[in-house]
Amino acid sequence: MKTQVLHAANAWLPDGWASDVRIEVEGGRWLAGALLDVRADAGAVEAEPIDGWVLPGMPNLHSHAFQRAMSGLAERRGPADDSFWTWREVMYAFASRVGPDDLRAIASQLYVEMLKSGYTHVCEFHYLHLQPDGRPYADPAAMALALVDAAQETGIGLTLLPTLYMTGGFDGRPLAERQRRFGHGVDGFLRLVERLRMLEDARVRVGVALHSLRAVPADALRAVFDGLAALPPARSGLPVSMMPIHIHIAEQVGEVEDCLAVRGARPVAWLLDHAPVDARWCLVHATHIDADETRRLAATGAVAGLCPTTEANLGDGLFPLREYLDAGGIIGIGSDSHISVSPVEDLRWLEYGQRLVTRQRNVAADATRPSTGETLFAQALLGGARASGLAIGRLQGGDAALPSVGARADLVVLDDTSPLLAGRTSANLLDTWIFAGNAPLVRDVMVNGEWVVRGFRHRDEARIAARYRAVVTRLMNSA
Ligand code: ZN
(Lines give C-alpha, C1' and ligand atoms only; values in the text may rest on other atoms or scores of the structure.)
Protein backbone atom coordinates (compact mmCIF):
# COMPACT_ATOMS: atom_id res chain seq x y z
CA MET A 1 0.00 0.00 0.00
CA LYS A 2 1.42 3.35 -1.02
CA THR A 3 2.25 5.76 1.77
CA GLN A 4 1.35 9.41 1.27
CA VAL A 5 3.74 11.80 2.98
CA LEU A 6 2.75 15.37 3.80
CA HIS A 7 4.94 18.05 5.29
CA ALA A 8 2.88 20.61 7.14
CA ALA A 9 4.34 24.00 7.99
CA ASN A 10 1.99 24.17 10.99
CA ALA A 11 -0.35 21.48 12.29
CA TRP A 12 -2.71 21.21 15.26
CA LEU A 13 -1.80 17.98 17.06
CA PRO A 14 -3.49 16.50 20.12
CA ASP A 15 -1.13 18.53 22.33
CA GLY A 16 -1.51 21.77 20.38
CA TRP A 17 0.27 23.46 17.49
CA ALA A 18 3.54 22.12 16.10
CA SER A 19 5.60 23.31 13.16
CA ASP A 20 7.37 21.32 10.44
CA VAL A 21 5.26 18.25 10.94
CA ARG A 22 5.64 15.18 8.80
CA ILE A 23 2.31 13.42 8.41
CA GLU A 24 1.98 9.98 6.86
CA VAL A 25 -1.19 8.46 5.48
CA GLU A 26 -1.73 4.89 4.38
CA GLY A 27 -5.03 3.41 3.29
CA GLY A 28 -6.85 6.57 4.37
CA ARG A 29 -5.51 6.44 7.94
CA TRP A 30 -2.78 8.14 9.88
CA LEU A 31 0.19 5.85 9.91
CA ALA A 32 1.46 4.61 13.24
CA GLY A 33 4.99 5.53 14.17
CA ALA A 34 5.29 8.54 11.89
CA LEU A 35 7.64 11.30 12.98
CA LEU A 36 6.81 14.73 14.26
CA ASP A 37 8.68 17.98 14.22
CA VAL A 38 11.11 16.72 11.63
CA ARG A 39 12.67 19.38 9.46
CA ALA A 40 12.28 18.32 5.85
CA ASP A 41 15.71 17.53 4.49
CA ALA A 42 16.82 16.81 0.96
CA GLY A 43 17.20 13.11 1.61
CA ALA A 44 13.72 12.55 3.03
CA VAL A 45 11.00 10.73 1.12
CA GLU A 46 9.48 13.31 -1.19
CA ALA A 47 6.80 14.89 0.94
CA GLU A 48 3.95 17.01 -0.37
CA PRO A 49 4.44 20.40 1.23
CA ILE A 50 1.34 21.99 2.79
CA ASP A 51 1.60 25.69 3.34
CA GLY A 52 -1.05 27.04 5.61
CA TRP A 53 -2.48 25.97 8.92
CA VAL A 54 -3.44 22.30 9.12
CA LEU A 55 -6.29 21.32 11.43
CA PRO A 56 -8.23 18.11 12.01
CA GLY A 57 -11.53 18.06 10.13
CA MET A 58 -14.51 18.90 12.34
CA PRO A 59 -17.32 16.33 12.79
CA ASN A 60 -20.83 17.80 12.49
CA LEU A 61 -22.83 15.83 15.02
CA HIS A 62 -26.37 16.76 14.02
CA SER A 63 -27.93 17.18 10.60
CA HIS A 64 -31.31 16.88 8.94
CA ALA A 65 -30.06 17.31 5.38
CA PHE A 66 -33.40 18.06 3.71
CA GLN A 67 -33.88 21.15 5.89
CA ARG A 68 -31.05 22.93 4.05
CA ALA A 69 -33.41 23.54 1.14
CA MET A 70 -35.96 25.35 3.37
CA SER A 71 -33.48 27.57 5.19
CA GLY A 72 -34.72 31.15 5.10
CA LEU A 73 -38.36 30.21 4.45
CA ALA A 74 -39.53 30.52 8.06
CA GLU A 75 -38.32 34.03 8.88
CA ARG A 76 -41.63 35.83 8.42
CA ARG A 77 -43.93 36.53 11.32
CA GLY A 78 -47.11 34.47 11.28
CA PRO A 79 -50.54 35.24 12.72
CA ALA A 80 -49.77 33.69 16.12
CA ASP A 81 -46.65 34.01 18.26
CA ASP A 82 -43.86 32.42 16.28
CA SER A 83 -42.03 29.60 17.99
CA PHE A 84 -40.36 26.28 17.37
CA TRP A 85 -43.81 24.80 16.90
CA THR A 86 -44.80 27.19 14.08
CA TRP A 87 -41.41 26.67 12.42
CA ARG A 88 -42.10 22.94 12.58
CA GLU A 89 -45.27 23.39 10.49
CA VAL A 90 -43.21 25.04 7.72
CA MET A 91 -40.71 22.20 7.97
CA TYR A 92 -43.43 19.54 7.73
CA ALA A 93 -44.93 21.17 4.65
CA PHE A 94 -41.53 21.18 2.97
CA ALA A 95 -40.65 17.64 4.06
CA SER A 96 -43.86 16.35 2.50
CA ARG A 97 -42.52 17.11 -0.98
CA VAL A 98 -38.99 15.67 -0.85
CA GLY A 99 -38.39 12.29 -2.56
CA PRO A 100 -35.19 10.18 -2.71
CA ASP A 101 -33.72 11.90 -5.79
CA ASP A 102 -34.50 15.31 -4.28
CA LEU A 103 -32.90 14.31 -1.00
CA ARG A 104 -29.77 13.10 -2.79
CA ALA A 105 -29.45 16.41 -4.64
CA ILE A 106 -30.05 18.52 -1.52
CA ALA A 107 -27.72 16.48 0.68
CA SER A 108 -24.91 16.54 -1.89
CA GLN A 109 -25.06 20.33 -2.10
CA LEU A 110 -25.16 20.56 1.69
CA TYR A 111 -22.20 18.21 2.08
CA VAL A 112 -20.14 20.24 -0.41
CA GLU A 113 -20.92 23.32 1.71
CA MET A 114 -19.96 21.45 4.87
CA LEU A 115 -16.63 20.30 3.42
CA LYS A 116 -15.80 23.80 2.23
CA SER A 117 -16.55 25.19 5.68
CA GLY A 118 -14.31 22.69 7.51
CA TYR A 119 -16.64 19.80 8.39
CA THR A 120 -15.29 16.43 7.24
CA HIS A 121 -17.93 14.17 8.78
CA VAL A 122 -21.66 14.46 9.37
CA CYS A 123 -24.14 12.62 11.60
CA GLU A 124 -27.48 12.36 9.80
CA PHE A 125 -30.44 12.13 12.17
CA HIS A 126 -32.64 10.61 9.52
CA TYR A 127 -36.41 10.27 10.01
CA LEU A 128 -37.78 10.91 6.51
CA HIS A 129 -38.33 7.21 5.86
CA LEU A 130 -41.67 6.76 4.09
CA GLN A 131 -43.48 8.12 1.07
CA PRO A 132 -45.51 11.28 1.64
CA ASP A 133 -48.72 9.23 1.99
CA GLY A 134 -47.17 7.08 4.71
CA ARG A 135 -46.55 3.95 2.63
CA PRO A 136 -43.02 2.52 2.43
CA TYR A 137 -40.98 2.99 -0.72
CA ALA A 138 -40.47 -0.15 -2.84
CA ASP A 139 -37.09 -0.21 -1.14
CA PRO A 140 -37.79 0.79 2.48
CA ALA A 141 -34.24 2.16 2.73
CA ALA A 142 -34.58 4.41 -0.35
CA MET A 143 -34.33 7.70 1.55
CA ALA A 144 -31.45 6.52 3.75
CA LEU A 145 -29.58 5.26 0.69
CA ALA A 146 -29.94 8.70 -0.90
CA LEU A 147 -27.95 10.11 2.01
CA VAL A 148 -25.27 7.44 1.64
CA ASP A 149 -25.06 8.23 -2.08
CA ALA A 150 -24.65 11.94 -1.32
CA ALA A 151 -21.85 11.23 1.15
CA GLN A 152 -20.06 9.01 -1.34
CA GLU A 153 -20.52 11.49 -4.16
CA THR A 154 -19.06 14.36 -2.17
CA GLY A 155 -16.46 12.45 -0.15
CA ILE A 156 -17.65 13.50 3.32
CA GLY A 157 -17.73 10.93 6.13
CA LEU A 158 -21.20 9.91 7.32
CA THR A 159 -22.67 8.50 10.51
CA LEU A 160 -26.14 7.50 9.43
CA LEU A 161 -28.65 7.48 12.27
CA PRO A 162 -31.93 5.91 11.18
CA THR A 163 -34.43 7.42 13.57
CA LEU A 164 -37.28 5.79 15.45
CA TYR A 165 -40.37 8.00 15.47
CA MET A 166 -43.56 6.41 16.77
CA THR A 167 -45.87 8.83 18.55
CA GLY A 168 -46.94 12.45 18.28
CA GLY A 169 -46.56 13.33 21.97
CA PHE A 170 -45.83 12.13 25.49
CA ASP A 171 -49.42 10.95 25.82
CA GLY A 172 -48.80 8.35 23.10
CA ARG A 173 -51.09 9.98 20.55
CA PRO A 174 -50.64 8.68 16.99
CA LEU A 175 -48.57 10.60 14.50
CA ALA A 176 -50.35 13.52 12.86
CA GLU A 177 -50.99 13.54 9.12
CA ARG A 178 -47.82 15.52 8.46
CA GLN A 179 -45.71 13.17 10.56
CA ARG A 180 -46.76 10.01 8.73
CA ARG A 181 -43.57 9.84 6.69
CA PHE A 182 -41.51 9.48 9.85
CA GLY A 183 -43.24 6.48 11.46
CA HIS A 184 -41.88 3.04 12.24
CA GLY A 185 -42.68 0.10 14.47
CA VAL A 186 -39.76 -1.24 16.46
CA ASP A 187 -39.39 -4.36 14.26
CA GLY A 188 -39.33 -2.44 11.00
CA PHE A 189 -36.88 -0.01 12.52
CA LEU A 190 -34.53 -2.79 13.60
CA ARG A 191 -34.69 -4.34 10.11
CA LEU A 192 -33.70 -0.99 8.62
CA VAL A 193 -30.79 -0.66 11.05
CA GLU A 194 -29.63 -4.19 10.27
CA ARG A 195 -29.75 -3.55 6.53
CA LEU A 196 -27.89 -0.23 6.75
CA ARG A 197 -25.18 -1.71 8.95
CA MET A 198 -24.13 -3.81 5.97
CA LEU A 199 -23.05 -0.57 4.25
CA GLU A 200 -20.44 0.36 6.85
CA ASP A 201 -16.96 1.14 5.53
CA ALA A 202 -14.16 3.64 6.20
CA ARG A 203 -16.45 6.62 5.55
CA VAL A 204 -19.87 5.30 6.53
CA ARG A 205 -20.84 4.38 10.10
CA VAL A 206 -24.32 3.40 11.21
CA GLY A 207 -25.83 4.17 14.59
CA VAL A 208 -29.38 4.71 15.79
CA ALA A 209 -31.45 7.67 16.83
CA LEU A 210 -34.54 7.91 18.97
CA HIS A 211 -36.37 10.96 17.75
CA SER A 212 -37.24 12.21 21.25
CA LEU A 213 -38.93 11.01 24.40
CA ARG A 214 -42.21 12.41 23.09
CA ALA A 215 -41.90 10.22 19.96
CA VAL A 216 -40.68 6.97 21.57
CA PRO A 217 -42.76 5.37 24.35
CA ALA A 218 -40.94 3.88 27.33
CA ASP A 219 -41.69 0.26 26.41
CA ALA A 220 -40.47 0.82 22.85
CA LEU A 221 -37.21 2.20 24.20
CA ARG A 222 -36.62 -1.06 26.04
CA ALA A 223 -37.62 -3.12 23.01
CA VAL A 224 -35.12 -1.25 20.82
CA PHE A 225 -32.23 -2.04 23.15
CA ASP A 226 -33.24 -5.70 23.37
CA GLY A 227 -33.51 -5.84 19.58
CA LEU A 228 -30.20 -4.12 18.96
CA ALA A 229 -28.41 -6.58 21.23
CA ALA A 230 -29.66 -9.42 19.02
CA LEU A 231 -28.45 -7.93 15.70
CA PRO A 232 -25.78 -9.84 13.80
CA PRO A 233 -22.30 -8.27 13.47
CA ALA A 234 -21.94 -5.50 10.90
CA ARG A 235 -19.73 -5.84 7.84
CA SER A 236 -17.27 -3.44 9.45
CA GLY A 237 -16.88 -5.82 12.39
CA LEU A 238 -17.81 -3.04 14.80
CA PRO A 239 -20.03 -4.51 17.51
CA VAL A 240 -23.51 -3.26 18.32
CA SER A 241 -22.22 -2.35 21.77
CA MET A 242 -20.18 0.47 20.16
CA MET A 243 -22.98 1.96 18.04
CA PRO A 244 -23.61 5.65 18.57
CA ILE A 245 -27.07 6.45 19.95
CA HIS A 246 -28.58 9.91 19.49
CA ILE A 247 -31.75 11.52 20.81
CA HIS A 248 -33.36 14.99 20.77
CA ILE A 249 -33.79 15.49 24.48
CA ALA A 250 -34.80 18.86 25.95
CA GLU A 251 -35.02 21.50 23.24
CA GLN A 252 -38.23 23.15 24.32
CA VAL A 253 -39.65 24.26 27.67
CA GLY A 254 -43.00 22.77 26.59
CA GLU A 255 -41.30 19.42 26.08
CA VAL A 256 -39.85 19.54 29.61
CA GLU A 257 -43.26 20.41 31.06
CA ASP A 258 -45.01 17.59 29.17
CA CYS A 259 -42.38 15.08 30.28
CA LEU A 260 -42.75 16.19 33.89
CA ALA A 261 -46.53 15.90 33.67
CA VAL A 262 -46.65 12.47 32.00
CA ARG A 263 -43.47 10.72 33.13
CA GLY A 264 -42.90 12.54 36.41
CA ALA A 265 -39.37 13.71 35.61
CA ARG A 266 -37.54 16.17 33.41
CA PRO A 267 -36.38 14.62 30.09
CA VAL A 268 -32.65 14.29 30.83
CA ALA A 269 -33.33 12.97 34.33
CA TRP A 270 -35.90 10.51 32.99
CA LEU A 271 -33.51 9.24 30.32
CA LEU A 272 -30.67 8.81 32.79
CA ASP A 273 -33.00 6.81 35.04
CA HIS A 274 -34.36 4.56 32.26
CA ALA A 275 -31.66 4.04 29.62
CA PRO A 276 -28.01 2.87 29.71
CA VAL A 277 -26.62 6.32 28.91
CA ASP A 278 -22.84 6.28 28.46
CA ALA A 279 -20.17 7.58 26.07
CA ARG A 280 -22.00 6.09 23.06
CA TRP A 281 -24.82 8.57 23.55
CA CYS A 282 -25.33 12.02 22.12
CA LEU A 283 -28.08 14.10 23.73
CA VAL A 284 -28.97 16.68 21.11
CA HIS A 285 -30.36 19.98 22.39
CA ALA A 286 -29.78 19.22 26.07
CA THR A 287 -30.78 22.87 26.33
CA HIS A 288 -33.07 22.84 29.33
CA ILE A 289 -31.25 20.99 32.11
CA ASP A 290 -31.15 21.83 35.78
CA ALA A 291 -28.07 21.69 37.99
CA ASP A 292 -28.62 18.08 38.97
CA GLU A 293 -29.11 16.94 35.37
CA THR A 294 -26.00 18.89 34.36
CA ARG A 295 -23.86 17.08 36.87
CA ARG A 296 -25.36 13.65 36.18
CA LEU A 297 -25.16 13.97 32.39
CA ALA A 298 -21.54 15.12 32.50
CA ALA A 299 -20.61 12.08 34.58
CA THR A 300 -21.91 9.62 31.96
CA GLY A 301 -19.37 10.58 29.28
CA ALA A 302 -22.24 11.19 26.85
CA VAL A 303 -21.96 14.11 24.45
CA ALA A 304 -24.20 17.15 24.75
CA GLY A 305 -24.97 17.90 21.09
CA LEU A 306 -25.24 21.67 20.73
CA CYS A 307 -26.48 23.46 17.62
CA PRO A 308 -26.14 27.13 18.55
CA THR A 309 -27.25 28.77 15.29
CA THR A 310 -30.29 26.54 14.91
CA GLU A 311 -31.15 26.85 18.60
CA ALA A 312 -30.92 30.64 18.27
CA ASN A 313 -32.93 30.63 15.06
CA LEU A 314 -35.68 28.57 16.70
CA GLY A 315 -35.66 30.54 19.95
CA ASP A 316 -34.90 27.42 22.00
CA GLY A 317 -32.85 28.80 24.88
CA LEU A 318 -29.27 28.52 26.13
CA PHE A 319 -27.37 25.52 27.41
CA PRO A 320 -25.46 25.98 30.71
CA LEU A 321 -22.06 25.64 29.05
CA ARG A 322 -19.72 26.73 31.86
CA GLU A 323 -21.45 24.60 34.48
CA TYR A 324 -21.39 21.57 32.19
CA LEU A 325 -17.71 21.98 31.30
CA ASP A 326 -16.87 22.48 34.98
CA ALA A 327 -18.57 19.15 35.68
CA GLY A 328 -16.30 17.49 33.09
CA GLY A 329 -18.98 17.28 30.40
CA ILE A 330 -18.24 16.69 26.72
CA ILE A 331 -19.80 18.83 23.99
CA GLY A 332 -19.90 18.81 20.21
CA ILE A 333 -21.57 20.95 17.56
CA GLY A 334 -24.03 20.37 14.76
CA SER A 335 -25.59 22.53 12.07
CA ASP A 336 -28.96 20.76 12.51
CA SER A 337 -31.45 22.76 10.41
CA HIS A 338 -28.59 24.29 8.37
CA ILE A 339 -29.75 27.85 8.80
CA SER A 340 -25.96 28.24 8.86
CA VAL A 341 -23.38 25.70 7.67
CA SER A 342 -20.16 26.68 9.40
CA PRO A 343 -18.27 25.32 12.39
CA VAL A 344 -16.91 28.84 12.82
CA GLU A 345 -20.33 30.40 13.24
CA ASP A 346 -21.64 27.64 15.50
CA LEU A 347 -18.61 27.79 17.81
CA ARG A 348 -18.70 31.58 17.82
CA TRP A 349 -22.37 31.68 18.80
CA LEU A 350 -21.88 28.99 21.38
CA GLU A 351 -19.55 31.43 23.15
CA TYR A 352 -21.48 34.62 22.32
CA GLY A 353 -24.73 33.28 23.77
CA GLN A 354 -22.92 32.69 27.05
CA ARG A 355 -21.31 36.15 26.99
CA LEU A 356 -24.68 37.81 26.45
CA VAL A 357 -26.37 36.15 29.40
CA THR A 358 -23.42 36.20 31.82
CA ARG A 359 -22.12 39.65 30.77
CA GLN A 360 -18.62 38.18 30.88
CA ARG A 361 -16.04 37.33 28.20
CA ASN A 362 -14.18 34.13 27.32
CA VAL A 363 -16.67 31.94 29.12
CA ALA A 364 -15.68 28.61 27.51
CA ALA A 365 -11.97 29.00 28.25
CA ASP A 366 -10.43 28.25 31.61
CA ALA A 367 -7.07 28.57 33.30
CA THR A 368 -5.66 25.40 31.74
CA ARG A 369 -6.36 26.60 28.19
CA PRO A 370 -6.87 30.36 28.08
CA SER A 371 -7.61 30.53 24.35
CA THR A 372 -11.38 30.42 23.87
CA GLY A 373 -11.05 29.44 20.21
CA GLU A 374 -8.74 26.52 21.02
CA THR A 375 -10.93 25.35 23.88
CA LEU A 376 -14.07 25.36 21.77
CA PHE A 377 -12.35 23.74 18.80
CA ALA A 378 -10.75 20.97 20.86
CA GLN A 379 -13.99 20.26 22.71
CA ALA A 380 -16.01 20.05 19.51
CA LEU A 381 -13.48 17.70 17.92
CA LEU A 382 -13.61 15.36 20.89
CA GLY A 383 -17.38 15.37 21.25
CA GLY A 384 -17.97 15.24 17.50
CA ALA A 385 -15.78 12.15 17.11
CA ARG A 386 -17.45 10.45 20.05
CA ALA A 387 -20.92 11.18 18.68
CA SER A 388 -19.84 9.90 15.26
CA GLY A 389 -18.70 6.60 16.76
CA LEU A 390 -15.38 6.79 14.94
CA ALA A 391 -11.70 7.55 15.49
CA ILE A 392 -11.71 10.92 13.75
CA GLY A 393 -11.09 14.53 14.73
CA ARG A 394 -7.37 14.21 15.47
CA LEU A 395 -4.22 14.50 13.41
CA GLN A 396 -1.98 11.61 14.23
CA GLY A 397 0.20 12.18 17.19
CA GLY A 398 3.23 10.07 16.34
CA ASP A 399 2.82 7.85 19.39
CA ALA A 400 1.47 4.35 18.88
CA ALA A 401 -0.19 4.58 22.28
CA LEU A 402 -2.37 7.48 21.20
CA PRO A 403 -5.81 6.66 19.86
CA SER A 404 -5.23 9.13 17.04
CA VAL A 405 -2.84 6.69 15.37
CA GLY A 406 -4.91 4.71 12.91
CA ALA A 407 -7.59 7.38 12.96
CA ARG A 408 -9.09 8.36 9.63
CA ALA A 409 -6.95 10.85 7.75
CA ASP A 410 -9.23 13.91 7.70
CA LEU A 411 -7.77 17.43 7.70
CA VAL A 412 -8.47 20.98 6.64
CA VAL A 413 -5.95 23.62 5.61
CA LEU A 414 -6.55 27.30 6.34
CA ASP A 415 -5.20 29.77 3.79
CA ASP A 416 -2.16 31.43 5.35
CA THR A 417 -2.15 34.16 2.68
CA SER A 418 -5.49 35.57 3.84
CA PRO A 419 -5.19 39.16 5.10
CA LEU A 420 -7.15 38.08 8.16
CA LEU A 421 -4.30 35.83 9.25
CA ALA A 422 -1.52 38.35 8.63
CA GLY A 423 0.90 38.38 11.52
CA ARG A 424 -0.99 35.65 13.36
CA THR A 425 0.88 32.91 15.18
CA SER A 426 -0.16 29.61 16.67
CA ALA A 427 -1.03 31.52 19.86
CA ASN A 428 -3.94 33.37 18.26
CA LEU A 429 -4.70 31.54 15.02
CA LEU A 430 -7.83 29.67 16.16
CA ASP A 431 -9.16 32.68 18.08
CA THR A 432 -8.82 34.75 14.91
CA TRP A 433 -10.49 32.17 12.69
CA ILE A 434 -13.41 31.53 15.04
CA PHE A 435 -14.14 35.08 16.15
CA ALA A 436 -13.01 37.23 13.23
CA GLY A 437 -13.41 35.02 10.17
CA ASN A 438 -16.26 35.75 7.80
CA ALA A 439 -14.36 35.29 4.56
CA PRO A 440 -13.82 31.58 3.83
CA LEU A 441 -10.40 30.48 5.03
CA VAL A 442 -10.69 26.73 4.38
CA ARG A 443 -8.51 26.25 1.30
CA ASP A 444 -8.03 22.46 1.14
CA VAL A 445 -9.85 19.52 2.69
CA MET A 446 -8.83 15.87 2.93
CA VAL A 447 -11.14 13.02 3.98
CA ASN A 448 -9.95 9.44 4.34
CA GLY A 449 -6.62 10.42 2.78
CA GLU A 450 -8.26 11.90 -0.32
CA TRP A 451 -8.28 15.58 -1.27
CA VAL A 452 -11.90 16.61 -1.88
CA VAL A 453 -11.44 20.40 -1.76
CA ARG A 454 -8.39 22.05 -3.33
CA GLY A 455 -7.85 25.76 -3.75
CA PHE A 456 -11.29 26.56 -2.22
CA ARG A 457 -13.13 24.37 -4.76
CA HIS A 458 -14.81 21.03 -4.26
CA ARG A 459 -13.92 18.59 -7.03
CA ASP A 460 -17.53 18.34 -8.25
CA GLU A 461 -19.18 21.49 -6.97
CA ALA A 462 -20.45 22.94 -10.26
CA ARG A 463 -22.40 19.84 -11.26
CA ILE A 464 -23.79 19.32 -7.75
CA ALA A 465 -24.89 22.96 -7.46
CA ALA A 466 -26.61 22.88 -10.86
CA ARG A 467 -28.58 19.78 -9.91
CA TYR A 468 -29.51 21.31 -6.53
CA ARG A 469 -30.79 24.50 -8.18
CA ALA A 470 -33.03 22.49 -10.51
CA VAL A 471 -34.43 20.35 -7.70
CA VAL A 472 -35.09 23.17 -5.25
CA THR A 473 -36.64 25.37 -7.92
CA ARG A 474 -39.05 22.57 -8.77
CA LEU A 475 -39.86 21.91 -5.09
CA MET A 476 -40.57 25.59 -4.48
CA ASN A 477 -42.78 25.82 -7.56
CA SER A 478 -44.75 22.77 -6.49
CA ALA A 479 -45.65 24.30 -3.12
ZN1 ZN B 1 -32.59 17.80 15.10
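A residue counts as buried when its relative accessible area is under 20%. With that cut-off, His 248 is buried, because its relative accessibility comes to just 7%. The model discussed here is a predicted one, and His 248 is a handy place to start looking around in it.

His 248 is one of the residues that hold the zinc ion. The zinc ion is coordinated through the NE2 atoms of His 62, His 64 and His 248, at 2.0 to 2.2 Å. Along the chain these donor residues follow the spacing H-x1-H-x183-H. His 64 sits in the loop between strand S5 (58-63) and helix H1 (84-95), while His 248 belongs to strand S10 (residues 245-248), so this pair ties together parts that are 184 residues apart in sequence. His 64 is buried too, since its relative accessibility is 3%.

Another histidine turns up around here. His 285 is found in the loop that runs between strand S11 (281-284) and helix H8 (291-300). With a relative accessible area of 1%, His 285 is buried. Leaving aside residues up to four places away in sequence, the contacts of His 285 include His 62 and His 248, both of which are zinc donors. Also touching His 285 are Ile 249, Ala 250, Glu 251, Gly 305, Cys 307, Glu 311, Asp 316 and Asp 336. From His 285 to Thr 310 it is 25 residues in sequence, and 9.9 Å in space from C-alpha to C-alpha.

Strands S10 and S11 come up again with helix H7 (residues 267-274). Six of the eight residues of H7 are buried, leaving the helix mostly covered. Those six are Pro 267, Val 268, Ala 269, Trp 270, Leu 271 and Leu 272. They pack against S10 and S11, and also against the helices H5 (218-229), H6 (253-263) and H8.

Helix H3 (residues 142-154) is another well-covered piece. Since 10 of its 13 residues are buried, H3 is largely enclosed by the rest of the structure. Several alanines are on the buried list, namely Ala 142, Ala 144, Ala 146, Ala 150 and Ala 151, and they are joined there by Met 143, Leu 147, Val 148, Glu 153 and Thr 154. The length of H3 works out as well: 13 residues at 1.5 Å a residue should span 18 Å, and the end C-alpha atoms are 19 Å apart, which agrees. Right after H3 comes Gly 155, with a positive phi of about 90°.

Further along the chain, helix H13 (residues 429-436) has two helix partners to look at. The axis of helix H11 (residues 343-358) comes within 8 Å of the H13 axis, and the two cross at roughly 85°. That crossing makes H11 roughly perpendicular to H13. On the H11 side, the contact is made by Val 344, Leu 347, Arg 348, Glu 351, Tyr 352 and Arg 355, and on the H13 side by Trp 433, Ile 434, Phe 435 and Ala 436. Sorted by class, these residues are seven nonpolar and three charged, with no polar ones.

The other partner is helix H12 (residues 372-388), whose axis comes within 7 Å of that of H13 and crosses it at roughly 85°. H12 and H13 are therefore roughly perpendicular to each other. Here Thr 372, Gly 373, Glu 374, Leu 376 and Phe 377 of H12 meet Leu 430, Asp 431, Trp 433, Ile 434 and Phe 435 of H13. This contact has six nonpolar, two polar and two charged residues. Trp 433, Ile 434 and Phe 435 appear in the contact with H11 and in the contact with H12.

Conventions:
Residues numbered from 1 in each chain as written. Predicted model: local features only at pLDDT ≥ 70, side-chain atom pairs only at ≥ 80, totals over all residues. Heavy atoms only, no water. Donors = N, O, S within 2.8 Å, 3.2 Å for Na, K, Ca; no water. Helix = DSSP H or I, 4+ residues; strand = E, 2+ residues; numbered from the N terminus. Buried < 20%, exposed > 50% of the residue type's maximum accessible area, 1.4 Å probe, protein only. Axes fitted to C-alpha atoms, helices over the stretch in contact; angles between N-to-C directions. Parallel < 35°, antiparallel > 145°, perpendicular 65-115°, else oblique. Contact = heavy atoms within 4.5 Å. Nonpolar A, V, L, I, M, F, W, Y, C, P; charged D, E, K, R; others polar. Expected span 1.5 Å × (residues − 1).
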